[in-house]
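Hi,

Here is the structure I promised to pass on to you. Have a look at it first, and then read my notes underneath.

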Amino acid sequence: MNLFLLDAIGPFFRALDQPRINWSKIPFAHLPLDGSEGASFWDQLEKDFRRLATQAKELGYNALTLDDLAHLTPHPWHGEAMNQKLEFFAKKFERLFAILTELELQAWVTADVITLSPEAEKRVGNDFEARTAFFYDLYNRFCDRHPSVQGLILRIGESDGLDVEDELRSNLHVRSAKEVNLFLRGLLPHAESRGKEIILRTWTVGAHRIGDLIWHRGRLSEALAGIESDHFILSMKPAESDFFRHLPLNKAFFGYPGPKILELQARREYEGAGEFPSWIGPDCEQMRDELASATNMRGVSVWCQTGGWHRFTRLTFLDENALWAEVNTRAAIDIFRHQLSANQSIAKLVGPEKGPAATELLEHTRHIVETLYYIPEFARQKLFFRRVRIPPLLHIYWDSLYIHSPIRKILRHFVKDHEAALQESAGAMQRFPRVLELGEEVGWPVDDLRFMRDTCALIHLARTYYFSSYNEELVAEIKAAKRAYKAAWPAKGRARYRIKTDFSPSPLKGRTLMLMSKLLLRRQRGYRRVMDHFFTLNLLSFLYRLFRNRSQEALPETMRNSAMGLDSVFK
């Protein structure tokens, strides 16, 4: 392995003052451009960026990633005002790239395929060849403007979230394996002629035919047929879904023979986003050992800041309270580059005397996340709907815990051993007294551990609601615990989980749920000949569009208005 990437978008969120933040990419539309506010922001950003880059190099990372191609490249097809803004960003980023050159770190830049201004969109319309040619032209202009940038990281399966207000917006361009292949075959000669590299991410949200690229081995083979360039690298998340636990390693790492990298997330977007420990060291160690037999592993790409829509705002390596994401970021590079064990990485951080206590604390909290945060029996099930693998975490969505009657009915359907689920949750809660003791012993922030305990206490009550007989006393207890949680962790003090409760009887009947799960869900990767190819992939898409408004109303507002929304799943 010789490529160790770390995302560097954290400094750009200093000036963002929003109740809930989209952490998927740099918020260009909200960055101050001029005046005293702008001057102060960009001056601080350079200092933060140098600090982050220096720390990354000291740890062993040799490349930093930034967003994005479209915002750093003026183009004649954009309007004058837009190009003035892009020129401003290009000049500011030239200074950041110079810092990386000075520190002997590679610069990599991301690109959504494809991002267009309103003016450029009018020029290219919906024509695939015209849009593709525009991207190639933009890429060449970018390379001319920023020659020190080593490579481009392509995101083809996800576009800007619903909340993005930028005029320069991305939308899905390549929609089939054939189009991916054509796009890469046309782009790679441009990269090769300039000595640049291209990384293709297989992550998708299930939209269009390419939406199953992350797990469908035939789709991946078709998309990359004949792509044998030394300048091309495939990038994959560990499993067939997002950054979740309880999922096996994606077999595509062993089936695809070309150069590839593994994506890892240190600031766990679905597991507290750095507000409390969510230890990945042992998982990294296991993946390293499993991947020892995979050919052409080029390295890892670690996300220390990127990912999720939530209120948690700690900036890795820039804030004093960002310890938990930093612990994971250090472990990832220690394990994959320096060949240390997870325990050795912790001892290296806190010293040999405190190493055993720190390791015990992290192991306790990892067990709590795996057995209380997740419901193991549900999390380990292989369930597919259309082109996506169902996430192993349904009741917690970024910074929200849903204690809803429909979720109760769904979980009771898929989890058969209710008593075991309750015992796992109760057993995990019993570890917190020891966790707090160890926190004091190591000198780590005990307040974060108390916050984890109080949050998990509500998750435990939610589990009790899901798998116990319904009774009004429990409902009253949950409501009282919710009030106590909000009082203990006032919003002005620190970001906390939003506890969403709805105990009204679910209109979803048991028999209906059983029938729907048999018809719409499958426990195999491959599609069923009639039910999927005819119904869920085609007819159901039509029916969804027909009853779209009603379908949207069935979801909580947070799920409707974040990321790409429900519509993307039915494209």
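Below is what I found about one helix and one pair of packed helices.

This is a predicted model, in which local features need pLDDT of at least 70, side-chain atom pairs count only at pLDDT 80 or more, and totals for chains, interfaces and linings use all residues. Residues are numbered from 1 along each chain as its sequence is written, and side-chain values use heavy atoms, leaving out hydrogens and water.

Let's start with helix H2, residues 80-102 (helices are DSSP runs of H or I with at least four residues, strands are runs of E with at least two, and both are numbered from the N terminus). H2 has 23 residues and reaches 33 Å from its first C-alpha to its last, close to the 33 Å expected at 1.5 Å a residue (the expected span is 1.5 Å times one less than the number of residues). Among its buried residues are Phe89, Phe93 and Phe97 (buried means under 20% relative accessible area, with a 1.4 Å probe and protein chains only). Just after H2, glutamate 104 takes a positive phi of about 60 degrees.

Now the pair. Helix H16 (446-467) and helix H17 (472-488) pack at about 160 degrees, with their axes 10 Å apart (axes are lines fitted to C-alpha atoms over the stretch in contact, and angles run from 0 to 180 degrees between N-to-C directions). That makes H16 roughly antiparallel to H17 (angles over 145 degrees count as such). Phe451 and Leu458 of H16 are among the residues that make the contact, and so are Leu474 and Tyr485 of H17 (contact means heavy atoms within 4.5 Å).

Enjoy exploring!

Notes:
Parallel < 35°, antiparallel > 145°, perpendicular 65-115°, else oblique. Buried < 20%, exposed > 50% of the residue type's maximum accessible area, 1.4 Å probe, protein only.
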